[in-house]
Amino acid sequence: MKVRKMVVLVGLCVLGLLAGCGSDGSSGASKDAASQGGPEADSGSEAGAGSMGGGYVFEADGVQIAVDGDMAPVAEALGEPSSYFEEPSCAAQGIAKLYTYPGFTVETYPDGDKDLVASVILKDDTVATPEGVDLSMTKEQVIEIYGNGGQEAAGSLTYEKGGMKLRFILDGDYIAAIEYNSAVLD
């Protein structure tokens with residue numbers, strides 16, 4: 001089961017990196033957070049908390065990582081990643097970067113002189129959303145925590161808030177991966 005989850009996760013990471021290649025860089029309008037149900041994101045002032053729309057925020061080791069937030073303070077607060085990769089960005093002018101930390105990865109996109117968070121992907125059950133969801137849980141448990149406001153499609157359950165998407169990739173009724181995605185990936 002773990003091998004299957006890892007294969008699915010690696011495939012999702014590759015798709016996430018390539019998803020920006022078809023993007024025109026524009027972001028579509030998003031639904032208001034109040035109409036989406038589910039928990040409210042903390043919009044504190046910790047590293048990376050500069051999410052442009054107040055969407056869901058991932059937290060690791062006390063560091064908030066917000067989609068579309070500046071990666072520099074996040075990288076500084078988290079320290080050296082276990083691996084690092086960069087390539088020309090398909091979504092914007094400059095270099096896209098992939099930081100791997102224990103249990104999760106962070107992909108960035110360039111925006112002027114800053115690297116902004118494009119996605120955070122939770123890879124195993126050693127990390128969880130601030131609301132308590134991890135990869136050992138089921139779709140029903142996600143709905144209990146986040147509510148019925150998610151959209152189901154093609155093996156995933158997606159919640160939109162503040163211009164970003166929190167996507168739970170499903171393997172049957174179980175969670176295979178959790179992604180926090182920027183609208184730049186659409």
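Start by selecting Asp 68: at a relative accessible area of 10%, this residue is buried, because buried means under 20%. The model you have open is a predicted one, so keep that in mind as you look around.

Stay on Asp 68 and trace the backbone on either side. You are in the loop between strand 2 and helix 2, the latter covering 71-78. Now check the backbone torsion: phi of Asp 68 is positive, about 70°, although the residue is not a glycine. Most residues other than glycine have a negative phi.

Next, step back along the chain to Asp 61. Which loop holds Asp 61? Asp 61 lies between strand 1 (57-60) and strand 2 (63-66). Here, too, is a positive phi in a residue other than glycine, with a value near 50°. Is Asp 61 buried or exposed? Asp 61 counts as exposed, because its relative accessibility is 76% and the cut-off for exposed is over 50%.

Now zoom out and colour the protein chain by secondary structure. You should find three helices and 10 strands. Following the chain from the N terminus, the elements come in the order α-β-β-α-β-β-β-β-α-β-β-β-β.

For a last view, switch on the surface. The protein chain exposes about 8,900 Å², and carbon and sulfur atoms supply 52% of that area. Beneath the surface, 47% of the 186 residues count as buried. If you display contacts as well, take those with a separation of 6 or more: residues 24 or more positions apart account for 44% of them.

Methods. Residues are numbered from 1 along each chain as its sequence is written. This is a predicted model: local features need pLDDT of at least 70, side-chain atom pairs count only at pLDDT 80 or more; totals for chains, interfaces and linings use all residues. Side-chain values use heavy atoms; hydrogens and water are left out. Helices (H or I, at least four residues) and strands (E, at least two) are DSSP runs, numbered from the N terminus. Buried means under 20% relative accessible area, exposed over 50%, partly exposed in between (1.4 Å probe, protein chains only). Contact means heavy atoms within 4.5 Å. Accessible areas come from the Shrake-Rupley method with a 1.4 Å probe; for residues, only the protein chains shown count as cover.
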